[in-house]
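Here's a quick tour for anyone meeting this structure for the first time. Have a look at the sequence and the 3D view, then read on.

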Amino acid sequence: MASTKPSYLIVGAGVFGVSTAYHLIKKYPDRKVTIVDQDAYDADSRVAASWDWNKVVRADYDDIIYCQLALEAQDIFKEDPLWQPYFHESGIFWVCRSDYAQDVIDNYKKLGRAADLQSVPIEEAKKLFGGLFEDANYDGAKSVLVNKTSGWADAGDALRAVTKWSLEKGVKYVAEKVDSLDFDKSGQCTGVKTEQGNTISASHVILSTGAYTSKLLEQAAQKSGNNNLRAGSRIVAGGITTGMTTLDEESYKRFEKMPVGVQGYTAAYGPFIGSLPPTKDRELKWWGEKIFKNTHEVLPGRFVSAPPSELDYNQWNVPGPLKQDIDHANDVFYGKNGANWKMEKHRICWDAFTTSSDFIISPHAGAKGLYVATCGSFHGYKFFPVLGKYVIQMLEDDLAPELKEKWAWDRERPSPSLNPDWPRFEMSDLLDQWPKAKL
Ligand SMILES: Cc1cc2nc3c(=O)[nH]c(=O)nc-3n(C[C@H](O)[C@H](O)[C@H](O)COP(=O)(O)OP(=O)(O)OC[C@H]3O[C@@H](n4cnc5c(N)ncnc54)[C@H](O)[C@@H]3O)c2cc1C
């Protein structure tokens, strides 16, 4: 006899998908929870944005909802033995060109959180942390937000550990690529079909497919004939270049205890740029300022932004103009200090964006049984410990009204021109000098 208990099929093993599986198996140890991802969770290379050397973990938000949520997640990173080994409380040094520093401080106050954070005048800030940022670019800067309680996480290691924990508790993992969705006669989503030809069924199908989400929904719409499945303008895939240098012994000693560095800009100029402290392999990382779409014909007559169609999103093949973006990032943080550093690794990392930078954690309006939990919009990783808790609340129609509205599939969305992190370029335009084949 078929089971009447709810069952869950999560497509995508990034932070949204794994956190959902983690919370589901904790809450319902006797229910069937399956993750399907194109990559093995312990593969040497994965396409997930969540799979990375390191990510910033901070609650420095001017949006009070994300500030509160990030504090909740950070408490777990700091205290729970499963998460704690991956968090480093290095502090953050955030050059602000708006009132951001004060907005963050106000949010901490409103939430009743005491923390070592302050807005520091520029000249004073340059002397902090042994003068590591004395040569940074401060053009147009108002102050520097210094929060000693923020930090970073070993992103890929934490993802692997929490996935492994969930598998040990009973979650099943299938390493296959989903090609389309399955529906019954009433139009209810009943599972997925993989490129390998398998069908996986569940009463709840949750898409946590990051940058691939719009393309997958296009494929599902075409196969099923249900045009309401398409994401349209709700979700846009955007790519960002990251780069790393390996510090020599002397520089490592100087930079080992550095805080996370952030160069914040206004929407009129562009996105914030970041530099993360060296890993245990002495690798210091940046992300660049060019966030780009890759709009192309994913199906005959259907144009959406999606990562390149190679299985690895062609993420390690980074063309010269994008590498220059990392040289620029190096320069605005370290000036002459970093002028001789050799950039050894580059990667293009793809994420799903919404115009408001809000996640989508919502039933999909186009089919019963289908749910969406993704759209990290370049800031989703830090919420890893708690995302799944809210996905379960969504599945059980128990989300607080303000979250339900904020993360809805259908809602009013602001103009992208107000969003500094919105993908404002086309990848092909940035690579004008490069053969198109390199895309
Ligand atoms: C360069 C960069 C730097 C960032 N820095 C930070 C930071 O410092 N702090 C922070 O909080 N956030 C940061 N983010 C944002 C954060 O990484 C993302 O928002 C978050 O990881 C997205 O998680 P996800 O689960 O939605 O997607 P992903 O992590 O991308 O996971 C999606 C998964 O779905 C799988 N998948 C997709 N399609 C299919 C399919 N058809 N079949 C099977 N599997 C499929 C993929 O293999 C992948 O594993 C950054 C993002 C980028 C790109």
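Tyr 313 counts as buried, because 23 other C-beta atoms lie within 10 Å of its own, and the cut-off for being buried is 20 or more. You'll find Tyr 313 in the loop between strand 19 (302-305) and helix 8 (320-334). Keep in mind that you're looking at a predicted model.

**Unusual backbone angles**
- Most residues other than glycine have a negative phi.
- Tyr 313 isn't a glycine, yet its phi is positive, at about 55°.
- Ser 357 also isn't a glycine, and has a positive phi of about 65°.
- Look for Ser 357 in the loop between strand 20 and strand 21 (360-363).
- Is Ser 357 buried or exposed? Ser 357 is buried, since 20 other C-beta atoms sit within 10 Å and 20 is enough to qualify.
- Gly 225, just after helix 6, takes a positive phi of about 80°.

**Around the ligand**
- There are 38 residues around the ligand, and the ones that come nearest are Gly 12, Gly 14, Gly 210, Gly 376 and Gly 380.
- Which elements supply at least two residues of this shell? They are helix 1 (15-27), strand 2 (33-37), strand 3 (55-57), strand 14 (236-246) and strand 20 (345-353).
- Helix 1 gives the largest share of the shell, with three residues.
- By type, the shell around the ligand breaks down into 18 nonpolar, 13 polar and seven charged residues.

**Ile 35 in strand 2**
- Ile 35 sits in strand 2, one of the elements that supply at least two residues to the shell around the ligand.
- Ile 35 is buried, because it has 25 other C-beta atoms within 10 Å, where 20 or more is the mark.
- Setting aside residues up to four places away in sequence, Ile 35 touches Ile 10, Ala 13, Gly 17, Ala 21, Val 171 and Tyr 173.
- Val 178 is 143 residues away from Ile 35 along the chain, and their C-alpha atoms are separated by 11 Å.

**Helix 6**
- Helix 6 covers residues 213-224, twelve residues in all, and reaches 16 Å from its first C-alpha to its last.
- That reach is close to the 16 Å expected at 1.5 Å a residue.
- Which residues are buried in helix 6? They are Thr 213, Ser 214, Lys 215, Leu 216, Leu 217, Gln 219, Ala 220 and Ala 221.
- In an α-helix there are 3.6 residues a turn, so residues three or four places apart point the same way.

**Gly 338 in its loop**
- Gly 338 lies in the loop between helix 8 and strand 20.
- Gly 338 counts as buried, because there are 22 C-beta neighbours inside 10 Å.
- Not counting neighbours within four places in sequence, Gly 338 is in contact with Asn 330 and Phe 333.
- The C-alpha atoms of Gly 338 and Lys 169 are separated by 46 Å, with their positions 169 residues apart along the chain.

**What the UniProt record says**
- An unreviewed UniProt entry carries the annotation "domain: FAD dependent oxidoreductase" for residues 8-393.
- In the model, that span is 27% helix and 29% strand, and its end C-alpha atoms lie 14 Å apart.
- UniProt (unreviewed entry) also places a "transmembrane region" at residues 6-25.
- Over residues 6-25, the chain is 55% helix and 20% strand, with the end C-alpha atoms 12 Å apart.

Key:
Residues are numbered from 1 along each chain as its sequence is written. This is a predicted model: local features need pLDDT of at least 70, side-chain atom pairs count only at pLDDT 80 or more; totals for chains, interfaces and linings use all residues. A residue is near a molecule or strand if its C-beta atom, placed from the backbone, lies within 6 Å of it. Helices (H or I, at least four residues) and strands (E, at least two) are DSSP runs, numbered from the N terminus. Ala, Val, Leu, Ile, Met, Phe, Trp, Tyr, Cys and Pro count as nonpolar, Asp, Glu, Lys and Arg as charged, and the others, Gly among them, as polar. A residue is buried if 20 or more other C-beta atoms lie within 10 Å of its own, exposed if 12 or fewer, and partly exposed in between; C-beta atoms are placed from the backbone. Two residues are in contact if their C-beta atoms, placed from the backbone, lie within 7 Å. The expected span of a helix is 1.5 Å times one less than its number of residues. UniProt positions are given in the numbering used here, feature names are shortened, and annotations may be inferred rather than shown by experiment.
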